[in-house]
Amino acid sequence: ATGRNINPNAWNNWYFGGLNMQIEHHLFPRVPRHNLPKLIPHVRAFCLKWDIPYCTTGSLEAVSDVFLSLFDVSQHVNRYNEARAAHTEPRSKKAKALAG
């Protein structure tokens, strides 16, 4: 899932500044963050009714997922840079001279 909540509790709500309720925040961006927990049961019920996945996770798992995603992206960038370097031809003397 690309959108998820981090389990709301006093610590997570304070630490993440209310951003741990991403699903509700993105559905209702004008709702003040202190009211987002009130929306959770309604959004969950809607998702259940329409068979829409509602993803929630713990804070450690969420942070771990972020680091794993960043690592995955970095591996794609490394492969891209390696492939690009392998296909780059050395510049000719004339091209070097024109470049200054």
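Biologist: Which residues is Ile23 in contact with, leaving aside its neighbours within four places in sequence?

Modeller: In this predicted model, Ile23 is in contact with Gly3, Arg4, Asn5, Val43, Tyr54 and Cys55. Contact here means heavy atoms within 4.5 Å.

Biologist: What makes the largest nonpolar core, and which residues are in it?

Modeller: To join a nonpolar core, a residue has to be buried and linked through side-chain atoms within 4.5 Å. The largest one has eight residues: Met21, Ile23, Leu36, Leu39, Ile40, Val43, Cys47 and Tyr54. Helix α3 gives the most to this core, with five residues.

Biologist: Why is Cys47 called buried?

Modeller: Buried means under 20% relative accessible area. Cys47 comes in at 7%, so it counts as buried.

Biologist: And Cys55, is that one buried, partly exposed or exposed?

Modeller: Cys55 has a relative accessible area of 22%. Partly exposed runs between the 20% and 50% cut-offs, so Cys55 is partly exposed.

Biologist: How many disulfides are there?

Modeller: The count comes to zero. You'd need a pair of cysteine sulfur atoms within 2.5 Å to call it a disulfide.

Biologist: What is unusual about the phi of Asp51?

Modeller: Most residues other than glycine have a negative phi. Asp51 isn't a glycine, yet its phi is positive, about 55°. You'll find Asp51 in the loop between α3 (36-49) and β2 (56-57).

Biologist: Why does Asp51 count as exposed?

Modeller: Exposed means over 50% relative accessible area. Asp51 has 70%, so it counts as exposed.

Biologist: Which residues form a nonpolar patch on the surface?

Modeller: That's Val63, Val66, Phe67 and Leu70, with about 390 Å² of accessible area together. Patch members need over 30% relative accessible area. Take Val66, which sits in helix α4 (residues 59-86): its relative accessibility is 48%, so it clears that patch cut-off.

Biologist: Why is Val66 only partly exposed, then?

Modeller: Exposed would take over 50%. Val66 is at 48%, so it counts as partly exposed.

Biologist: How are the helices and strands laid out along the protein chain?

Modeller: The chain has five helices and two strands, and reading along the sequence you get β-α-α-α-β-α-α.

Biologist: What share of the protein chain is buried?

Modeller: Buried residues make up 16% of its 100 residues. The accessible surface of the chain comes to about 8,200 Å², and 63% of that belongs to carbon and sulfur atoms.

Methods. Residues are numbered from 1 along each chain as its sequence is written. This is a predicted model: local features need pLDDT of at least 70, side-chain atom pairs count only at pLDDT 80 or more; totals for chains, interfaces and linings use all residues. Side-chain values use heavy atoms; hydrogens and water are left out. Patches are made of residues with over 30% relative accessible area and no salt bridge: like charges are joined within 9 Å, nonpolar side chains (Val, Leu, Ile, Met, Phe, Trp, Tyr) within 5 Å. Accessible areas come from the Shrake-Rupley method with a 1.4 Å probe; for residues, only the protein chains shown count as cover. A salt bridge is a side-chain nitrogen of Lys or Arg within 4 Å of a carboxyl oxygen of Asp or Glu. Helices (H or I, at least four residues) and strands (E, at least two) are DSSP runs, numbered from the N terminus. Buried means under 20% relative accessible area, exposed over 50%, partly exposed in between (1.4 Å probe, protein chains only).
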